[in-house]
Amino acid sequence: MERKWDGKSRGGSLGTWFFVVTLKYLGVKAAYVLLAFVAPYFVLFAPKATRSIYRYYRHIIGFGRVKSAIRIFVHFYVFGQTIVDKIALKHGISKPYTFSYGNYEEFLKVLDSGSGAIIIGAHVGSWEVGAPFFNKYGKNMNIVMLDAEYEKIKSVIEDGSQKQDFKIIPIGNDGLDTVLKIKAALDAKEYVCFQGDRYMDDGNSMTKMFMGHEANFPKGLFQIAAKLNVPVVFYYAMRDLMVFHYTFSFQIADMSASNSKERFNNLVDQYIASLEQIVRKYPQQWFNFYDFWKF
């Protein structure tokens, strides 16, 4: 059974355009109402994603069969809410939203340290919701991601939206080129942002215990961080149960080990523990829609 992410995400430019128009003329609450009709479509016509969510609730979270089945719809609906929120904030619709920050001052000290930094997130919550709040630091943010998927919908999202200063380091076939761009950004004392829970190359993955079961994680980004020995921050932007409220979490990794091998092992353990804490607190915001675990 295929457990590796194929690099493709659900949805596309047409669906994004539809919600951009809805937000512009009807507002956020109307977009949420429409999501109630969109979510069942994905339950029925995205069988692989539906199956993976059911298995997640049934085998990882430990819910019963009926509760796990019900949670499939809820999961797609919450995912849709984060997408609507992201689009709304990109278009300057910020009035309904409130935000709180955890460890924010310590995070800013890392950014102001003059040594560059690696910021590691995951496909939980919506890291992009926090994009407008990086302010002056945004121009030094480099996001490592598959450029093909980004190009697919960014013209729709950015049409009429507020300009963002973030730069993209695309992941392509030439892995060395990507590594060199990452190193160049860090050498320039800039910040490089990764998602630490997906990998594209079986040869560059590692198997770890996560949420009580074995799962594969990418190892390349942790190797880079350990070798270059720059500050590392784990970052999550999570949607709270309170409507329109997000909590930003910044956790500073301990990089005090004396050599790169120890730093690598410690960093991986810290990240997995950090991610597990977040997923257990916000189980409905785990947005890896494929078979992540080895059953």
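The following questions and answers go through the fold, ring pairs and salt bridges of a predicted model.

The model is predicted, with local features needing pLDDT of at least 70 and side-chain atom pairs pLDDT 80 or more, while totals for chains, interfaces and linings use all residues. Residues are numbered from 1 along each chain as its sequence is written, and side-chain values use heavy atoms, leaving out hydrogens and water.

Me: How many helices and strands does the chain have?
Reply: Helices (H or I, at least four residues) and strands (E, at least two) are DSSP runs, numbered from the N terminus. On that basis the chain has nine helices and nine strands.

Me: What share of the residues counts as buried?
Reply: Buried means under 20% relative accessible area, exposed over 50%, and partly exposed in between, with a 1.4 Å probe and protein chains only. The chain has 295 residues. The buried share of them is 48%.

Me: Which residue of helix α5 forms a stacked pair with phenylalanine 250?
Reply: Rings of Phe, Tyr and Trp (its six-membered ring) pair if their centres lie within 6.5 Å; planes under 30 degrees apart count as stacked, over 60 as edge-to-face and the rest as tilted. The structure holds 33 such aromatic pairs. Tyrosine 104 and phenylalanine 250 are tilted, at 5.6 Å centre to centre and 40 degrees between the planes. With 4.1 Å between centres and 10 degrees between planes, the stacked partner of phenylalanine 250 is phenylalanine 107.

Me: Is phenylalanine 250 buried or exposed?
Reply: Phenylalanine 250 lies in strand β9 (residues 245-252), 146 residues from its partner tyrosine 104 in helix α5 (residues 104-111). Tyrosine 104 is partly exposed at 23% relative accessibility. Phenylalanine 250 has a relative accessible area of 3%, so it counts as buried.

Me: Which residue lies over the face of phenylalanine 63?
Reply: Phenylalanine 63 belongs to a cluster linked by ring pairs, whose members include Tyr56, Phe210 and Trp286. A charge sits over a ring if NZ of Lys or CZ of Arg is within 6 Å of the ring centre and within 35 degrees of the ring normal. At 4.1 Å from the ring centre, the residue over phenylalanine 63 is lysine 67.

Me: Why does the salt bridge of arginine 239 and aspartate 85 tie together parts of the chain, and how many residues apart are they?
Reply: A salt bridge is a side-chain nitrogen of Lys or Arg within 4 Å of a carboxyl oxygen of Asp or Glu. Arginine 239 and aspartate 85 meet at 2.9 Å, N to O, and both are buried. Because arginine 239 lies in strand β8 (residues 232-239) and aspartate 85 in helix α4, the parts tied together are 154 residues apart in sequence.

Me: Where do lysine 183 and aspartate 187 lie?
Reply: These two residues form a salt bridge, their closest N and O atoms being 2.9 Å apart. Lysine 183 is partly exposed at 37% relative accessibility, and aspartate 187 is partly exposed at 48%. They are four residues apart, about one turn, and both lie in helix α7 (residues 175-187).

Me: Which residues does threonine 207 contact beyond its neighbours within four places in sequence?
Reply: Threonine 207 lies in strand β6 (residues 205-210) and is partly exposed, with a relative accessible area of 37%. Contact means heavy atoms within 4.5 Å. Leaving those neighbours aside, the contacts of threonine 207 are Glu214, Ala215, Asn216 and Lys294.
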